[in-house]
Amino acid sequence: MFRIYTRILITLLFLALPLQKAYSQQKITVALGNTLPPWVMAEDNTGIIPDLLRATLGAQGYQLHFVYVPYARRILLYNENLVDVVSDINNKVIEANQMSGYFSDIAYNYENFAFSLAKRNFDLKSIAQLKHHTVLSWQGAKARLSPEYRDMAKENPNYSETYDQSTQVRLLYRERYEVIQMDGKIFDYYRALITKHGEVDVSEPVQRFALFGKSPNGFLFHDEALRDRFNESLRKLKSTEEYTRIINRYTSKSH
């Protein structure tokens, strides 16, 4: 009986080897938006999102090739079947861009905050309140966020946007603006970078107001089986401390 079980086990192992080899030889192309530290950093092929894919599909033996393009173009590449997977996807994006494919489980969340220096002692409870303050946001926020945010920006003569998010952090600490609006991970990343370079004193504590809610995101796959394997690996990853380490790898502890 023992010999029979042994033969069965050996047979299964030999059957699994070609499948594992096939995975290791399979190249997966993933469309990512242009550099958005710490989520995506094209210059050295790192970031939270690439690291999540390496810890899931990469750990299964797939060869990952990241294609970094202007943010909107990632959708075009996917819809034209030029890549296998596209990042920063949710149901709203799928519907708005008439995308087809297999949507993954939620892999990560963006979350925008309104930041102000703690010494100002603001008590911000709504987006509308921001119209009473000098505000610096990221380029395109007025067009991409909620109608309430758009109305606030239109009514606020002291509202501005910039393409350089590190500038937002610098100008907050230089007290050129009372409030900046940006993703929490991006703020933490640039504050740590500015501290490292000694450009500006960013030791002053800040308040972060969660006025915007979280934006859950995942990946869209052309191949259902590949999506299923990703989901299985992601669930396993989320049950470990490694997932938290990946999410927090490029940011310092918040003040």
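**Notebook: loops, turns and a helix pair**

I began with N121, which I found in the loop between strand 5 (108-117) and strand 6 (135-138). I am reading a predicted model here, so I keep that in mind throughout. Buried or exposed, I asked of N121? N121 is exposed, as its relative accessible area is 61%. I also looked up its backbone: phi of N121 is positive, about 55°, although the residue is not a glycine.

**Same loop, next stop**

I moved on to D123, which is also found in the loop between strand 5 and strand 6. Its side chain and that of K125 are joined by a polar contact of 2.4 Å. Leaving out residues up to four places away in sequence, I noted that D123 touches Q129 and F209. I then checked D123 against Q207: they are 84 residues apart in sequence, and their C-alpha atoms lie 9.4 Å apart in space.

**Another positive phi**

My next entry is D88, in strand 3 (residues 85-89). I read a phi near 55° for D88, a positive value in a residue other than glycine. How does D88 stand, buried or exposed? D88 has a relative accessible area of 5%, which is under the 20% cut-off, so I list it as buried. I put that beside N121, which is exposed.

**A cis bond**

I looked for the peptide bond between P37 and P38 and found it cis, with omega about 0°. I placed P38 in the loop between strand 1 (27-33) and helix 2.

**Into helix 2**

Helix 2 spans residues 48-56, and I picked D51 from it. Which residues does D51 touch, not counting those up to four places away in sequence? I found I246, R249 and Y250. With Y250 there is a polar contact, side chain to side chain, at 2.5 Å. D51 is buried: its relative accessible area is 8%, and the cut-off for buried is under 20%.

**Helix 9 against helix 10**

I followed I246 from there, since it turns up again in a helix pair. How do helix 9 (residues 224-238) and helix 10 (residues 241-248) cross? Their axes come within 5 Å and cross at roughly 90°. That falls in the 65 to 115 degree range, so I call helix 9 and helix 10 roughly perpendicular to each other. On the helix 9 side I listed L234, L237 and K238, and on the helix 10 side E242, Y243 and I246. I sorted the residues of this contact into 4 nonpolar, no polar and 2 charged.

**The chain overall**

I stepped back and counted 10 helices and 10 strands in the chain. The chain has 255 residues, and buried ones make up 44% of them. Of the contacts with a separation of 6 or more, 71% are between residues 24 or more positions apart.

**How far I trust it**

I finished with confidence: the mean pLDDT of the chain is 91, and 89% of its residues reach 70 or more. Where does the pLDDT drop below 50? Residues 8-14 are one such stretch, with 0 contacts in the model beyond near neighbours in sequence. Residues 16-22 are also below 50, and I found 0 contacts beyond near neighbours for that stretch as well. Where pLDDT is low, predicted coordinates should not be read in detail, so I leave the fine print there alone.

Note on methods. Residues numbered from 1 in each chain as written. Predicted model: local features only at pLDDT ≥ 70, side-chain atom pairs only at ≥ 80, totals over all residues. Heavy atoms only, no water. Helix = DSSP H or I, 4+ residues; strand = E, 2+ residues; numbered from the N terminus. Buried < 20%, exposed > 50% of the residue type's maximum accessible area, 1.4 Å probe, protein only. Polar contact = N/O pair within 3.5 Å; in protein donor to acceptor, adjacent residues only side chain to side chain. Contact = heavy atoms within 4.5 Å. Axes fitted to C-alpha atoms, helices over the stretch in contact; angles between N-to-C directions. Parallel < 35°, antiparallel > 145°, perpendicular 65-115°, else oblique. Nonpolar A, V, L, I, M, F, W, Y, C, P; charged D, E, K, R; others polar. pLDDT = per-residue confidence, 0-100.
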